[in-house]
Amino acid sequence: MSTDQFPKDGYGFRDPEAFAHNLARIMEEAGKAASAYLKPREEGKASFDFADGAGDMAKVLSRVAEYWLSDPERTVAAESTLVSSYIDLWSNSLKRMMGEPTRPTIEPEPGDKRFADPQWSENQFFDFLKQFYLVTSRWAVEMAENAQDGVDEHTRQKAAFYTRQIANALAPSNFVLTNPELLRETLETNGENLVRGMHMLAEDIEAGHGDLKIRQSSPGDFRLGENLATTPGKVIHQNGLCQVIQYAPTTDTVLKRPLLIVPPWINKFYILDLTREKSFIRWCVEQGHTVFVISWVNPGKAHARKSFEHYMREGVLESVDVAMKVTGADGDDTIGYCVGGTILAVTLAWMAARKDDRIKTATFFATQVDFTHAGDLKVFVDEEQIADLEYKMKMRGYLEGKTMSSAFNMLRANDLIWPYIIGNYMKGKEPSAFDLLYWNADATRMPAANHAFYLRNCYLKNKLASGEMEIAGVRLDLRKCKIPIYNLATREDHIAPPRSVFYGSSFFGGKVTFVLTGSGHIAGVINPPSRNKYQYWTGPAPKGDAYDAWAAKAREHPGSWWPHWQAWIEKTNTVRVKPPKMGAGKFKPIEDAPGSYVRVKA
């Protein structure tokens, strides 16, 4: 049969013999993938940890099922809702088969990229499959969300989260035979795509030491100090927990007070110093800031007992002193990002209790100090799960970096997991180079004592906002923090939801400027003015839990929020002086930025 005899929709074998040959190669590569998975477990270097997660999922979903099945009237109502949607779908499909115009029974949510291929709508089989999936998955999620009597809010949240994960995994777009794009590619290449994909799968399981480490970016295209984290500077101080980097000035004068940036330790600081065009650190230097950045250690077993107090004293407070000694200033301006912002807030409360005023302003990027509205990450936090995690951390001394990466990726599975499963292992295509995703895969570990304190005192018991947290014998009260605060939230944040960040503003005792920016936890923050992307919103002072009311009245501004922040900080830091020398003769430069701590792999 010649090529021009194949069906126009592309669903036909090109070369059955070649396809059969490639099928054998696929099986061979699948064997290598299985071996890469099993070998570390046979050697005792990896475990079948998924059993714990599966057990919790089964227990939670059974609670929801019990609610719907315990009342016959309730059961019938739930079944009727689903069956009614199925009947509508079947009726519309029959009308379409007979050539009658019809409207879809259900459509994907805006922004759902899984069904972008035209065949999902033009081909009736794939259109029916898509709509059947959407009807079923949305019904299942609604059942989880709407369970009431005897099902507490945390259980409902977990049930809805687990149901979405199952629904995401079972989407017809994830399988060769039910995805028109994958099916075409497989038939057109005689299965070559699956051979390449299975080979990449085996490589990625081996790279993950028995666990799948999904490649989200081409790893060979980025080098720290060469095309990432290239802002000139020196490591001028270090201890067992962090290095302190001072960046070289590029302006004739600088703001008198230095700017100390406290990044999260759950990932690496160079998210703020990506490529030259995207670097927030470089931009700050160009605006006349003397910038200091904490680069946290990638902890090992020796750091198991390093606590929140250690991170505050040896990280934030020690770095504040370094920046002040180099510049001769009477205090620092500070920025905290994500959990780096949380520990900065803890430090501010601790300093306020001791009447220590060395920090003059604080800026928070996507930071939570109250965890009432912490979003889907709370799914992973309850007494049982934390106790299990503490046991595992006690055995190793730290939490594996891949654990946090997996949790964050699951929050946006249809953006950060399944597109790469399809692209890498089914299409057999190497992902393109993307600096942000390269950074996302460059994970760090969590020291046991620090991480356990954070989960219990923040996510589980919300002690910081309630005034019950104690550090070094000092009871913390955020209301005593009266310095100016710039509190930035990102509108599509799955890690620090904007409502949570907004509500956190009300716990400080001084004036808080709340700003909302477009996009998510990373892209909303790393949004240089030169790119002219997204937008930001400003409004009245934040009050209480009234985020929706604030957002409804907020004023929208095009482009980056960075210049708005710069104008805000210059109102409190008005004096300009000559730039200080590197280390100012008080600290001898140790090595060039970005330093050695950030290069350690998890």
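# Figure legends: views of a predicted protein model

The protein chain holds 21 helices and 17 strands. The structure shown is a predicted model, and the legends below pass from the whole chain to individual elements.

**Figure 1. The whole protein chain, with 602 residues, has a radius of gyration of 27 Å.** A compact globule with this number of residues would have a radius of gyration near 25 Å, so the value for the chain agrees with that expectation. Along the principal axes, the C-alpha atoms fill a box of roughly 80 × 55 × 50 Å. Of the 602 residues, 54% count as buried. The accessible surface comes to about 27,400 Å², and carbon and sulfur atoms contribute 54% of this area. Among contacts with a separation of 6 or more, 80% join residues that lie 24 or more positions apart. The chain carries 73 positive and 74 negative charges, and the mean positions of the two sets are 8 Å apart.

**Figure 2. Eleven strands form an open sheet with mixed pairing.** The order of the strands is β15-β14-β13-β12-β7-β6-β4-β5-β2-β1-β17. Strands β15 (555–558) and β17 (591–592) are the edge strands, each of which pairs on one side only. At the β17 edge, the partner is strand β1 (residues 233–238), and the two pair in the antiparallel sense over 2 bridges. Within this pairing, Lys234 stands opposite Asp592 of β17.

**Figure 3. Strand β5 (residues 291–296) is mostly covered.** How many of its 6 residues are buried? The count is 6 of 6. The side chains of β5 divide between two directions: Val291, Val293 and Ser295 point one way, whereas Phe292, Ile294 and Trp296 point the other way. The residues on both sides of the strand are all buried. In the order of the sheet, β5 lies between β4 and β2.

**Figure 4. Strand β5 pairs with β2 in the antiparallel sense and with β4 in parallel.** Strand β2 (residues 242–247) is joined to β5 over 5 bridges, and in this pairing Val244 stands opposite Ile294. Strand β4 (residues 259–262) is joined to β5 by 3 bridges. Here Ile261 has Val293 of β5 as its bridge partner. The two β5 residues named in this view point in opposite directions from the strand, Val293 one way and Ile294 the other.

**Figure 5. Helix α19 (residues 498–505) is largely enclosed by the rest of the structure.** This description applies because 6 of the 8 residues of the helix are buried. Which residues of α19 are buried? They are Pro498, Ser500, Val501, Phe502, Gly504 and Ser505. These buried residues pack against β12 (485–490), β13 (512–517) and α20 (547–553). Of these neighbours, β12 and β13 also belong to the open sheet, where they stand next to each other in the strand order.

**Figure 6. Val195 is found in helix α8 (residues 192–207).** Is Val195 buried or exposed? Its relative accessible area is 5%, and a residue counts as buried under 20%, so Val195 is buried. Leaving aside neighbours within four places in sequence, Val195 is in contact with Asn22, Arg25, Ile26 and Glu29. By contrast, the C-alpha atoms of Val195 and Ala549 are separated by 54 Å. These two residues lie 354 residues apart along the chain.

Definitions and conventions
Residues are numbered from 1 along each chain as its sequence is written. This is a predicted model: local features need pLDDT of at least 70, side-chain atom pairs count only at pLDDT 80 or more; totals for chains, interfaces and linings use all residues. Side-chain values use heavy atoms; hydrogens and water are left out. Buried means under 20% relative accessible area, exposed over 50%, partly exposed in between (1.4 Å probe, protein chains only). Helices (H or I, at least four residues) and strands (E, at least two) are DSSP runs, numbered from the N terminus. Contact means heavy atoms within 4.5 Å. The radius of gyration is taken over C-alpha atoms; the globule rule is 2.2 Å times the number of residues to the power 0.38. Accessible areas come from the Shrake-Rupley method with a 1.4 Å probe; for residues, only the protein chains shown count as cover. Lys and Arg count as positive and Asp and Glu as negative; His and the chain ends are not counted. The place of a charge is taken as NZ of Lys, CZ of Arg, CG of Asp or CD of Glu. Two strands pair if DSSP finds at least two bridges between them.
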